[in-house]
Structures are given as structure tokens and as C-alpha cells.
Amino acid sequence: MDVVAQDETFTDCIAEGSHFEGAMLTRVTFTCCDLYWASFFMAQLTNVTFDRCDLRGSDFKDATMCDCRFLNCDVRTDALGGQTEFGDTDLSTVQFVNCRGR
């Protein structure tokens with residue numbers, strides 16, 4: 001079953017290695033969350049904010065991202081040398097502000 005979330009805020013959560021493949025997230029905020037190695041493969045993210053999150057090694061390949069923000073996030077390589085992957089995802093409406101590794 002795909003994850004669907006709208007108008008939600010997640011704070012201080014540990015979701016390392018979580019699977020959000022095919023998720024539909026609308027107006028969702030992740031604040032100070034550990035999303036190390038999380039997968040957002042083919043997810044639809046609309047107006048999603050990642051604020052002070054650890055996203056090292058996360059996968060955003062083939063995601064649809066509209067009006068998303070990455071604020072003070074860590075998107076550097078993970079402990080095994082894997083990069084946070086965006087693949088061919090259209091990042092034209094995505095903002096990266098003070099992110100390490102971007």
C-alpha cells in the first residue's frame with residue numbers, strides 16, 4: 001500500500017531506511033528527521049519541506065517534486081559512499097537552502 005499524507009508535520013522522527021516509494025505527500029513537513037537511506041522513488045511530493053533532515057543516501061529518482069524545499073539538510077554521501085540520488089527528477093521548482101552536499 002502506498003503512503004498518502006496531507007497537511008502533516010513530522011518532527012524528530014527516525015525513519016532511517018524507510019520506504020516512501022510511490023507515496024503521495026502534499027503539504028507535509030519533516031523537521032529534524034533522520035531519513036538516511038530513505039527511498040522516495042516515484043513519489044509525488046507537492047509543497048513538501050525537509051527542514052534540518054539527514055537525507056544522506058536517500059533516493060528521489062523518478063519522483064515528481066513541485067514547490068518542495070530542502071532547508072539546512074544534509075544531502076552529502078552516505079557512509080558507504082552512496083550519494084543522495086535525484087536522477088532525472090525535475091528540480092526546477094525545488095529550493096535547496098544551506099544544504100550540506102548540494
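Burial first: 39% of the 102 residues in the protein chain count as buried. Keep in mind that this is a predicted model. The exposed surface of the protein chain comes to about 5,500 Å², and carbon and sulfur atoms supply 47% of that.

As for overall shape, the C-alpha trace spans about 30 × 30 × 25 Å along its principal axes. The radius of gyration is 12 Å, which agrees with the value near 13 Å for a compact globule, because that is what the rule gives for 102 residues. Contacts between residues 24 or more positions apart make up 25% of those with a separation of 6 or more.

The secondary structure is quick to list: zero helices and seven strands. From the N terminus on, the order is simply β-β-β-β-β-β-β.

Now the inside. In soluble globular proteins, nonpolar side chains tend to be buried together. Here the largest nonpolar core has 27 residues, and the ones touching the most other members are Leu35, Phe40, Leu45, Phe50 and Phe70. Strand 2 (residues 24-31) gives this core its largest share, three residues.

Leu35 is worth a click in your viewer. Beyond its neighbours within four places in sequence, Leu35 contacts several aromatic residues, namely Phe20, Phe30, Phe40 and Phe50. The rest of its contact list is Ala15, Cys53, Asp54, Leu55 and Ser58.

On the charged side, the protein chain carries 8 positive and 17 negative side chains, and the centres of the two sets lie 7 Å apart. One acidic residue to look at is Asp74, in the loop between strand 6 (69-71) and strand 7 (95-97). Is Asp74 buried or exposed? With a relative accessible area of 5%, Asp74 falls under the 20% cut-off, so Asp74 is buried. Not counting residues up to four places away in sequence, Asp74 touches Arg56 and Arg100, along with Cys53, Asp54 and Leu55. Cys53, Asp54 and Leu55 also turn up among the contacts of Leu35.

Finally, a couple of backbone oddities. Cys32 is not a glycine, yet has a positive phi, and Asp67 is likewise a non-glycine with a positive phi. Here they are side by side:

| Residue | Phi | Loop | Relative accessibility |
|---|---|---|---|
| Cys32 | about 55 degrees | between strand 2 and strand 3 (44-46) | 30%, partly exposed |
| Asp67 | about 55 degrees | between strand 5 (64-66) and strand 6 | 42%, partly exposed |

How values were computed
Residues are numbered from 1 along each chain as its sequence is written. This is a predicted model: local features need pLDDT of at least 70, side-chain atom pairs count only at pLDDT 80 or more; totals for chains, interfaces and linings use all residues. Side-chain values use heavy atoms; hydrogens and water are left out. Helices (H or I, at least four residues) and strands (E, at least two) are DSSP runs, numbered from the N terminus. The radius of gyration is taken over C-alpha atoms; the globule rule is 2.2 Å times the number of residues to the power 0.38. Buried means under 20% relative accessible area, exposed over 50%, partly exposed in between (1.4 Å probe, protein chains only). Contact means heavy atoms within 4.5 Å. Accessible areas come from the Shrake-Rupley method with a 1.4 Å probe; for residues, only the protein chains shown count as cover. Lys and Arg count as positive and Asp and Glu as negative; His and the chain ends are not counted. The place of a charge is taken as NZ of Lys, CZ of Arg, CG of Asp or CD of Glu. A nonpolar core is a set of buried Ala, Val, Leu, Ile, Met, Phe, Trp, Tyr and Cys residues joined through side-chain atoms within 4.5 Å.
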